[in-house]
Every structure is written in C-alpha cells, then in structure tokens.
Amino acid sequence: MVALASEPIIRTEGLTKRYGTFTAVDQLDLEVRPGEIYGLLGPNGAGKTTTILMLLGLSEPSAGSARVAGLDPVRQPLEVKRRVGYLPDNAGFYGGLTGRANLRYTARLNGLRGAAVEERIETVLAQVGLADAADGRVETYSRGMRQRLGIADALIKEPELLILDEPTIAIDPAGVSEILALIRRLVDERGIALLLASHLLEQVQSVCDRVGIFIGGRLVAEGRVDELARRLGGGPLAIEVGVEPVDDSIEAVLGGIAGATEVRRDRSDPRHWVVAGDETTLVAIPRAIDAAGFRLVHLRRRDESLDAIYRRIVGADGERPGSPEGASVGPGSAR
Ligand SMILES: Nc1ncnc2c1ncn2[C@@H]1O[C@H](COP(=O)(O)OP(=O)(O)OP(=O)(O)O)[C@@H](O)[C@H]1O
Ligand SMILES: [Mg+2]
C-alpha cells in the first residue's frame with residue numbers, strides 16, 4: 001500500500017464559499033492523501049460541487065485556502081487542471097463525434113502528442129469498458145456509457161488525483177459496482193488519490209477508505225467507515241452471542257454479565273442471542289459462558305450501520321439537526 005505518511009494531495013484550511021449572505025461551504029478543513037479514496041457524502045445542496053469547483057480553481061473561495069497537488073488553485077488553475085482528472089456531474093461531449101474522437105480532443109488539450117495519444121486512449125477505453133463502443137457517436141451512447149467516457153476523459157492525462165462528482169448518477173446497479181471496482185483498481189494499482197462526491201451512502205460506504213459527512217456546507221463527521229459507525233453509533237453496543245447447547249437458562253447467565261442491560265433471542269438461529277451492553281460486557285462474555293458450563297460458538301459486536309447514522313444526522317426531512325456528539329471535525333483526528 002501507499003504510505004499514508006506522505007504529503008496530502010488535497011489540503012484545505014478554512015475553505016469558505018459565500019454567495020451573498022448564503023454560505024455554501026463553511027470553513028472546510030479537508031485532507032486527502034495519495035492512495036486514498038475519500039468520499040464526500042452529503043445530501044443535495046450540501047456544498048460538495050462548490051467545494052470541488054474551488055479545489056479545481058473554477059470558483060474562487062471567499063475565505064480560507066486550498067492546496068491541490070502542491071499547487072494553489074486560485075493562482076495556478078491551469079497547472080491544477082493538468083494534474084487533476086475531473087469528472088463533472090454534467091460531463092459534456094461532442095455528440096456528433098465518436099467516443100474515441102472526444103478523447104483525442106481532450107488528449108490534445110492536455111498536450112499529448114503523437115503515437116502516445118492513441119495508445120493512451122486505447123488504455124483508458126479498456127479501463128472503463130468502452131473499447132467496443134469507442135467508434136460509435138457519443139449521441140448514440142446511453143447515459144451510463146457517457147459517464148464511463150467521462151471517467152476515461154478524466155484519466156487521459158494520467159492524473160495523480162481524480163475528482164469524481166456523482167460518478168454513478170446515471171448508471172444502473174450492475175454498472176455501478178463495475179465503476180466502483182474500476183475506481184478501486186485505479187487507486188490500488190496506480191496509487192492515485194480519489195475524491196468522490198456523492199449523496200448515495202451505499203456507494204461511498206462500499207468503495208471509500210474515508211468518508212466525510214458534509215451537511216449545510218460543514219463537515220460534521222469524518223473518519224473510516226467502521227470508525228464512524230462506531231463513534232457515531234451512540235446507544236449501547238449490540239453484541240451477538242452464540243451459545244451451545246441450546247438452553248433457556250443461558251438468558252439469565254447473559255443478563256447477569258456486567259453492563260448487560262438487555263438480552264433477547266436472535267430469531268435467525270436458536271443458539272444466538274443479542275445482548276445490549278458496553279465494552280465491559282463484550283470482554284466478560286466468554287468467561288461467563290464458560291463458567292456456566294456452556295460453549296461459546298459466536299461472538300460479534302454489531303455496529304449500527306452507517307446508513308442509520310447518516311439518516312439520523314441528515315434527518316428524515318433532510319434538515320440538519322446539528323453536529324453529532326463525538327464527531328471529529330477536520331483533519332488529523334480521523335486517522
Ligand atoms: N452560483 C451560485 N449562486 C448561488 N448559490 C449557489 C451557486 N452555486 C451553488 N449555490 C448554492 O450552494 C449550495 C451548495 O450547492 P452545491 O451544488 O455545492 O451542492 P451539492 O452538495 O453539490 O448538491 P447536489 O447533491 O445537489 O449536487 C446550494 O444551496 C446551492 O443552491
Ligand atoms: Mg453537486
């Protein structure tokens with residue numbers, strides 16, 4: 001794996017964007033490192049696209065600063081664009097031209113010349129699974145095919161950072177897992193970093209190393225998916241316990257363990273119980289089972305899914321109820 005100790009490829013400090021009196025991005029501190037897939041997760045209007053536009057030098061921050069690939073996007077926007085692959089949420093192509101011709105155009109814009117161009121185009125077409133469709137006109141492409149072409153387009157210049165804004169928005173579920181696998185492969189094989197903005201939790205959860213939950217222009221929580229689930233889960237731990245032989249008396253044994261507040265049967269398996277408790281309970285279970293003359297066949301802490309957490313933070317109506325307690329905000333705290 002690529003060392004996480006390396007310099008961040010994206011670093012923002014207090015990055016802010018205001019439109020009049022409205023603050024779209026509010027003092028964002030963000031760090032993404034090489035070899036990392038970072039998911040910017042948030043509902044519509046959270047400020048994801050606005051953040052990306054500032055990172056690329058396409059929109060000027062109202063306050064704060066950003067460094068992208070060691071560059072200042074405000075002062076070196078062209079250089080940033082050369083180094084960073086970007087798939088906008090509304091990628092546009094020349095419909096009358098073939099996919100291959102569109103890529104050729106991008107390659108030339110990026111200063112690629114000669115035989116290297118065709119070779120590069122061939123590579124990225126294969127990477128996104130468009131080799132067979134490359135010579136059809138783009139206006140005949142499905143939305144998913146255009147999305148793939150958009151990723152190919154972002155890859156042409158062999159970027160060290162790839163920024164994808166809602167990369168799977170027009171793609172069917174089978175296509176989505178393919179695209180996500182493609183993204184994972186690119187990062188693992190080439191050690192590039194990837195920033196992926198999405199309002200779809202399942203996607204972010206399945207492919208990202210780290211996730212920032214972005215709401216109302218603010219990063220309200222950040223961390224690895226499992227960490228976030230644990231940290232924001234609140235409530236008591238749910239511990240799955242499997243015990244043999246099957247015997248009702250086990251309920252009292254489990255209920256008597258330090259910190260256990262509730263014991264219930266797990267309907268999926270007659271040997272299984274779910275104990276609500278805390279870390280002490282978890283640690284004490286094996287010995288208690290053993291002392292009571294039973295055999296422990298299963299022990300697992302059940303984390304609240306990130307889905308439930310995300311819903312709770314975002315709120316059912318999409319409004320933000322405020323920062324969750326214990327959430328880490330900003331870089332440094334989540335690694
Ligand atoms: N040019 C602009 N002028 C005024 N307000 C804007 C402008 N661009 C964006 N906004 C506002 O800033 C907020 C953030 O928008 P942004 O597009 O960054 O959200 P997003 O997280 O990308 O949402 P989505 O999931 O819908 O793509 C929104 O309330 C939007 O209306
Ligand atoms: Mg957006």
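A crossing of two helices is called right-handed if the near helix is turned clockwise from the far one by less than a right angle. Keep that in mind for the helix pair below; and note that the model you're looking at is a predicted one.

**Two helices side by side**

The pair in question is α3, residues 99-109, and α5, residues 143-155. Their axes sit 9 Å apart and make an angle of about 30°. Angles under 35 degrees count as roughly parallel, so α3 is roughly parallel to α5. As for handedness, α3 passes α5 in a right-handed crossing. On the α3 side, the contact is made by Gly99, Asn102, Leu103 and Thr106, and α5 answers with Leu149, Ala152 and Asp153. Sorted by character, the residues of this α3-α5 contact come out as three nonpolar, three polar and one charged.

**Around the ligand**

Which residues surround ligand 1? Going along the chain, they are Tyr19, Ala24, Gly42, Asn44, Gly45, Ala46, Gly47, Lys48, Thr49, Thr50, Asp89 and His199. Helix α1, residues 48-55, gives the most to this shell, with three residues. The shell as a whole divides into seven polar, three nonpolar and two charged residues.

**The three-stranded sheet**

Tyr19 from that shell also turns up in a sheet, where its bridge partner in β2 is Phe22. This sheet is open, has three strands in the order β2-β1-β4, and pairs in the antiparallel sense. Its edge strands are β2 (22-32) and β4 (63-68), each of which pairs on one side only. Ignoring direction, neighbouring strands here are turned by 25° against each other on average.

Strand β1 covers residues 10-19. Its Ile10 has Val68 as bridge partner in β4. The hairpin of β1 and β2 has two residues between the strands, and Gly20 there takes a positive phi near 60°.

**The four-stranded sheet**

There is also an open sheet of four strands, ordered β11-β12-β10-β13, again with antiparallel pairing. Why does one side of β11 (262-265) and of β13 (295-302) lack a neighbour in the sheet? Both strands stand at the edges and have a single partner strand each, so one side of each is left without a neighbour. From one strand to the next, the twist averages 25°. If you want a landmark where β11 meets β12, Val263 stands opposite Val275 in β12. Helix α10, residues 279-291, lies across β10, β12 and β13, running at about 5° to β10.

Here are some of the strand pairings from the two sheets:

| Strand pair | Sense | Bridges |
|---|---|---|
| β1 and β4 | antiparallel | five bridges |
| β1 and β2 | antiparallel | seven bridges |
| β11 and β12 | antiparallel | four bridges |

**Backbone oddities**

A couple of loop spots deserve a look while you have the structure open. Is the peptide bond from Glu244 to Pro245 cis or trans? It's cis, with omega near -10°. Pro245 is found in the loop between β10 (237-244) and α9 (250-255).

Then there's Ala69, in the loop between β4 and α2 (77-83). Its phi is near 50°, a positive value in a residue other than glycine.

Notes
Residues are numbered from 1 along each chain as its sequence is written. Chains are lettered from A and ligands numbered from 1 in the order in which they are written. This is a predicted model: local features need pLDDT of at least 70, side-chain atom pairs count only at pLDDT 80 or more; totals for chains, interfaces and linings use all residues. Axes are lines fitted to C-alpha atoms, for helices over the stretch in contact, and angles run from 0 to 180 degrees between N-to-C directions. Angles under 35 degrees count as roughly parallel, over 145 as roughly antiparallel, 65 to 115 as roughly perpendicular and the rest as oblique. Two residues are in contact if their C-beta atoms, placed from the backbone, lie within 7 Å. Ala, Val, Leu, Ile, Met, Phe, Trp, Tyr, Cys and Pro count as nonpolar, Asp, Glu, Lys and Arg as charged, and the others, Gly among them, as polar. A residue is near a molecule or strand if its C-beta atom, placed from the backbone, lies within 6 Å of it. Two strands pair if DSSP finds at least two bridges between them.
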